[in-house]
Amino acid sequence: MSTLICGSIAFDNIMVFHDRFKNHILPEQIHILNVAFLVPEMRREFGGCAGNIAYNLKLLSGEPLIMATVGDDADSYLLRLDDLGLSRAHVRRIAGSFTAQAFITTDLDDNQITAFHPGAMSYSHLNQVADVAAATLAIVAPDGRDGMLQHAQDLAAAGIPFVFDPGQGLPMFSGDELMNFMRLATYACFNDYEAKLLCDRSNRSIERLADEVEALIVTLGGEGSRIYSKGVCHEIPCVQAATVVDPTGCGDAYRSGLLYGIVAGWDWQKTGRLAAVMGAIKIAHRGGQNHRPTRKDIADHFSSAFGSRPW
């Protein structure tokens with residue numbers, strides 16, 4: 001019962017500037033901005049929404065199947081997928097391109113300047129849902145614009161239920177395009193900012209948008225999440241993390257819990273709570289794929305938070 005993860009594979013290059021941007025950017029000179037920041041700390045993380053979601057779903061003993069595009073520089077990532085036991089049967093290498101990459105510089109006030117190069121991600125439409133034989137559920141996560149449009153259409157045509165999860169890619173689409181995604185999808189998931197943007201672009205309330213899908217999930221950061229389904233709003237509490245280190249990839253970890261619960265046939269309360277647990281485990285570690293809980297660890301965390309075990 002494979003879950004098809006359509007989305008990006010990317011490298012996150014994270015740098016720390018040991019000062020504050022405001023001390024080096026003069027507001028009256030911003031029209032001729034030319035600054036350089038010394039960043040003595042730098043690390044490179046494996047990331048991308050498809051990579052992160054698949055990583056977390058594998059921790060849950062799910063069966064993720066990644067559909068993504070990578071560039072000539074992807075050897076280390078592909079070897080990592082092999083080491084993790086994640087199939088790359090539908091990971092296409094695009095010759096003459098770089099793997100999608102984010103370059104993130106953070107200052108002492110946690111302000112960030114980010115540059116993102118989509119690279120091979122722009123060719124995600126070359127991957128075909130019809131090439132996948134055994135998926136029973138899918139997610140359309142942030143990816144190339146044409147790929148997201150095509151994969152949603154193809155999943156709906158094939159009768160494969162899927163989660164529409166545009167994430168940071170949401171601004172690429174018009175209100176009409178977003179509503180078409182909602183009509184094709186079985187489920188939809190947004191953070192609170194994305195949900196408000198969707199409401200604005202579609203001129204619909206969140207409750208009305210929820211009528212388009214079996215469930216609409218809105219994550220609220222430290223305030224938990226809400227799952228709207230069949231006229232009911234399920235309030236999912238936030239799970240306390242052991243420590244807060246890095247929110248990068250928390251949304252992807254949350255989505256792995258959603259996918260696992262849907263495949264398992266759980267109700268929305270239990271599904272949302274597992275998703276919250278996955279986000280809490282991730283936030284205690286740097287990067288999107290450096291946490292390594294066992295399935296027992298996840299169950300113990302769930303039990304500590306909610307007084308019962310998920311399995």
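The points below describe a predicted model of one protein chain, from the overall fold down to single residues.

1. Overall make-up. The protein chain contains nine helices and 13 strands. Its C-alpha trace spans about 55 × 45 × 45 Å along the principal axes.

2. Compactness. For 311 residues, a compact globule would be expected to have a radius of gyration near 19 Å. The value for the protein chain is 19 Å, which agrees with that expectation.

3. Burial and contacts. Buried residues make up 53% of the 311 in the protein chain. Among contacts with a separation of 6 or more, 67% join residues that are 24 or more positions apart.

4. Surface and charge. The accessible surface of the protein chain is about 14,200 Å², and carbon and sulfur atoms account for 51% of that area. There are 26 positive and 35 negative side chains, and the centres of these two sets are 4 Å apart.

5. Annotated domain. An unreviewed UniProt entry carries the annotation "domain: Carbohydrate kinase PfkB" for residues 35-294. Within residues 35-294 the chain is 35% helix and 23% strand. The C-alpha atoms at the two ends of that range are 45 Å apart.

6. Helix α1. This helix covers residues 49-59 and is mostly covered, with ten of its eleven residues buried. The buried residues are C49, A50, G51, N52, I53, A54, Y55, N56, L57 and L59. After α1 comes S61, which has a positive phi, near 70 degrees.

7. N52 inside α1. N52 belongs to helix α1. Its relative accessible area is 3%, so N52 is buried. Setting aside neighbours within four places in sequence, N52 contacts F46, G47, G249, D252, G288 and Q289. One of these residues, G288, is 236 residues away from N52 along the chain, yet their C-alpha atoms are separated by 6.0 Å.

8. S76 in helix α2. S76 is part of helix α2, which is made of residues 75-84. With a relative accessible area of 36%, S76 is partly exposed. When neighbours within four places in sequence are left aside, S76 is in contact with F11 and F46. S76 and F46 are 30 residues apart along the chain, and their C-alpha atoms are separated by 9.2 Å. F46 also appears among the contacts of N52.

9. T186, a buried loop residue. T186 sits in the loop between α4 (175-184) and β10 (187-191). Why does T186 count as buried? Its relative accessibility is 15%, and the cut-off for buried is under 20%. Not counting residues up to four places away in sequence, T186 touches P161, F162, V213, E214 and A215.

10. A130, an exposed loop residue. A130 is in the loop between β7 (112-117) and β8 (135-140). At 74% relative accessibility, A130 counts as exposed, since the cut-off for exposed is over 50%. A130 and L155 lie 25 residues apart in sequence, with a C-alpha to C-alpha distance of 8.6 Å.

11. N203, with positive phi. Where is N203 found? N203 lies in the loop between α5 (192-202) and α6 (206-210). Its phi is near 55 degrees, a positive value in a residue other than glycine. N203 counts as exposed, at 68% relative accessibility.

12. K230, with positive phi. K230 is in the loop between β12 (225-229) and β13 (232-236). Phi of K230 is near 55 degrees, and this is again a positive value in a residue other than glycine. At 78% relative accessibility, K230 counts as exposed.

13. Points to look at in the model. For a buried position in a helix, start with N52, at 3% relative accessible area, and follow its contacts to G249, D252 and G288, among others. For a buried position in a loop, take T186, at 15% relative accessibility, and its contacts, including P161 and V213. For exposed positions, inspect A130 at 74%, N203 at 68% and K230 at 78% relative accessibility.

Note on methods:
Residues are numbered from 1 along each chain as its sequence is written. This is a predicted model: local features need pLDDT of at least 70, side-chain atom pairs count only at pLDDT 80 or more; totals for chains, interfaces and linings use all residues. Side-chain values use heavy atoms; hydrogens and water are left out. Helices (H or I, at least four residues) and strands (E, at least two) are DSSP runs, numbered from the N terminus. The radius of gyration is taken over C-alpha atoms; the globule rule is 2.2 Å times the number of residues to the power 0.38. Buried means under 20% relative accessible area, exposed over 50%, partly exposed in between (1.4 Å probe, protein chains only). Contact means heavy atoms within 4.5 Å. Accessible areas come from the Shrake-Rupley method with a 1.4 Å probe; for residues, only the protein chains shown count as cover. Lys and Arg count as positive and Asp and Glu as negative; His and the chain ends are not counted. The place of a charge is taken as NZ of Lys, CZ of Arg, CG of Asp or CD of Glu. UniProt positions are given in the numbering used here, feature names are shortened, and annotations may be inferred rather than shown by experiment.
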